[in-house]
Amino acid sequence: MGLNDIKDRIAQAETAAGRAAGTVELIAVSKVQPNARVASVLDQGHRCFGENRVQEAAGKWPDFRESYDGIDLHLIGPLQTNKARQAFELFQSIHTLDRPKLAKTFARLAQEMGHCPQLFVQVNTGEEPQKAGVLPADADEFIKDCLALDLPVRGVMCIPPVDEEAALHFALLAKIGARNGLSGLSMGMSSDFEKAISFGATHVRVGSAIFGAREAG
């Protein structure tokens, strides 16, 4: 396993799905990975990374940006409203827009700071009470409200329940995205990204298969 292996598998999955090469963005999930492992992936030319926590990203990526050009950083973990400003400064994309209060905060910061990361609305496709995300039944209205705030909503994101068939959730997310005119589908992780690509994923989030097992929880 490693970066090149994952890229090869993505290319094969694109071909199998009848999709053009390069239509899937690989987000290398670098949360709680040692800096040496992250630097090794950067040295191989990869530039798109995902982090779960603003605080961890703030302690890691400003230094990397001094040494490497073109880093594209994605927030893929839940975001507290009081960390939204810092997230705007660090990340090019945020995949976890999931509630009206956060949307309104983003809209205010976009006006104040003059820019806004690309946004994905997180949908709780499994309707799991412990998981963030808008419920599927509420997704259309929430997306409409976000667009009315002039937010740059690029797509939708989901994390399927671990004990359910992921394909059902990928299909549901693709339908929600399509009927709202959103082209971005952030779905699929180390264990199921090829299946996600077959359902139209544009962004897959792969960590352990690139970096090896994480050293902390």
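## Strands β1 and β8

In this predicted model, strand β1 (residues 25-29) runs parallel to β8, and four bridges join the two. One place to look is Leu26, which stands opposite Val204 in β8.

Strand β8 covers residues 203-206, and both of its faces are covered. His203 and Arg205 are buried on one side, while Val204 and Val206 are buried on the other. Val204 is thus a handy residue to start from: it belongs to a buried face of β8 and stands opposite Leu26.

## The largest nonpolar core

The largest nonpolar core holds 62 residues, and Leu97 and Phe106 have the most contacts inside it. If you centre your view on Leu97, you will find that it touches Phe106 itself, along with Leu102, Ala103, Leu119, Phe120, Val121, Gln122, Phe142, Cys146 and Leu151; residues up to four places away in sequence are not counted here.

## Helix α7 and its surroundings

Helix α7 takes in the 14 residues 166-179. At 1.5 Å a residue it should span 20 Å, and its end C-alpha atoms are 20 Å apart, so the two values agree.

The buried residues of α7 are Ala166, Ala167, His169, Phe170, Leu173, Ala174, Ile176 and Gly177. An α-helix has 3.6 residues a turn, so residues three or four places apart point the same way. The packing partners of these buried residues are α6 (136-148), β6 (153-157), β7 (184-186) and α8 (193-198).

Both ends of α7 deserve a glance too. At the N-terminal end, Glu165 acts as a cap, with a side-chain oxygen 3.0 Å from the backbone nitrogen of Ala167. After the helix comes Gly181, whose phi is positive, near 70°.

Note on methods
Residues numbered from 1 in each chain as written. Predicted model: local features only at pLDDT ≥ 70, side-chain atom pairs only at ≥ 80, totals over all residues. Heavy atoms only, no water. Buried < 20%, exposed > 50% of the residue type's maximum accessible area, 1.4 Å probe, protein only. Pairing = 2+ DSSP bridges. Core = buried A, V, L, I, M, F, W, Y, C linked by side-chain atoms within 4.5 Å. Contact = heavy atoms within 4.5 Å. Expected span 1.5 Å × (residues − 1). Polar contact = N/O pair within 3.5 Å; in protein donor to acceptor, adjacent residues only side chain to side chain.
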